[in-house]
Amino acid sequence: MAFYRSMTAETVSFKGYNGDTAEAYYARPNAPGKVGGVVVIMHMPGWDEWIIETTRKIAHHGYAAIAPHLYFREGSGAPDDLGARVRAAGGVS
């Protein structure tokens, strides 16, 4: 298994449904050539340190990885607070 010591990791913006601007954490190895890709779906607490580190770890192993912030419409804040807002609004139980 290849390990890549060098990678680029950053928060990126993209256009979502109805033209809304969403965020995602994107990491990729700085190696020449094509690489496979992985979409990291956040867990219940939200877009937190664990999701970002998982995305970086996948890039470390030679894949491009992106983790979209699925609660972006709820605003910013601590993952626990955002998760609570989503649940209170009738979202994820």
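Contact here means heavy atoms within 4.5 Å.

**Figure 1. A first look at the whole protein.** Welcome to this structure, which is a predicted model. Among contacts in the protein between residues at least 6 apart in sequence, 57% join residues that are at least 24 apart. The secondary structure amounts to 2 helices and 4 strands, and along the sequence these follow the pattern β-β-β-α-β-α. Of the 93 residues in the protein, 28% are buried. The accessible surface comes to about 5900 Å², and carbon and sulfur atoms account for 54% of that area.

**Figure 2. The open sheet of 4 strands.** Let us turn to the sheet, where the strands stand in the order β1-β2-β4-β3 with mixed pairing. At the edges are β1 and β3 (37-39), each with a single partner strand, so one side of each has no neighbour in the sheet. Neighbouring strands are turned by 20° against each other on average, direction ignored. Helix α1 (residues 49-60) lies across β1, β2, β3 and β4, and this helix runs at about 35° to β2.

**Figure 3. The hairpin of β1 and β2.** Here you can follow strand β1 (residues 7-15) and strand β2 (residues 21-29), which run antiparallel and are joined by 9 bridges. One pair to look for is F14 with its bridge partner A22 in β2. Between the two strands of the hairpin there are 5 residues. Which residue of this hairpin takes a positive phi? Look for N18, whose phi is near 60°.

**Figure 4. A salt bridge between β1 and β2.** Side chains of opposite charge can pair when their charged atoms come close. In this view, the side chains of R28 and E10 meet in a salt bridge, with 3.6 Å from N to O. Since R28 lies in strand β2 and E10 in strand β1, the pair ties together parts that are 18 residues apart in sequence. How many salt bridges does the model have? The count comes to 1. R28 is partly exposed, with 25% relative accessibility. E10 is also partly exposed, and its relative accessible area is 34%.

**Figure 5. Where β2 meets β4.** On this side of β2, the partner strand is β4, and the two run antiparallel. They are joined by 4 bridges. To find your way, start at Y25, which stands opposite A67 in β4.

**Figure 6. H69 and its contacts.** Just follow the chain into the loop between β4 and α2, where H69 has its place. Is H69 buried or exposed? With a relative accessibility of 7%, H69 counts as buried. Leaving aside neighbours within four places in sequence, H69 is in contact with E23, A24, M42, W47 and L82.

**Figure 7. L70 and a nonpolar surface patch.** The loop between β4 (64-68) and α2 (79-88) also holds L70. This leucine is partly exposed, with a relative accessible area of 47%. Which residues make the nonpolar surface patch? V39, I41 and L70 do, and the patch covers about 300 Å². Patches are made of residues with over 30% relative accessible area and no salt bridge, and L70 passes that area cut-off because its value is 47%. H69, with 7% relative accessibility, counts as buried.

Technical notes
Residues are numbered from 1 along each chain as its sequence is written. This is a predicted model: local features need pLDDT of at least 70, side-chain atom pairs count only at pLDDT 80 or more; totals for chains, interfaces and linings use all residues. Side-chain values use heavy atoms; hydrogens and water are left out. Patches are made of residues with over 30% relative accessible area and no salt bridge: like charges are joined within 9 Å, nonpolar side chains (Val, Leu, Ile, Met, Phe, Trp, Tyr) within 5 Å. Accessible areas come from the Shrake-Rupley method with a 1.4 Å probe; for residues, only the protein chains shown count as cover. A salt bridge is a side-chain nitrogen of Lys or Arg within 4 Å of a carboxyl oxygen of Asp or Glu. Buried means under 20% relative accessible area, exposed over 50%, partly exposed in between (1.4 Å probe, protein chains only). Two strands pair if DSSP finds at least two bridges between them. Axes are lines fitted to C-alpha atoms, for helices over the stretch in contact, and angles run from 0 to 180 degrees between N-to-C directions.
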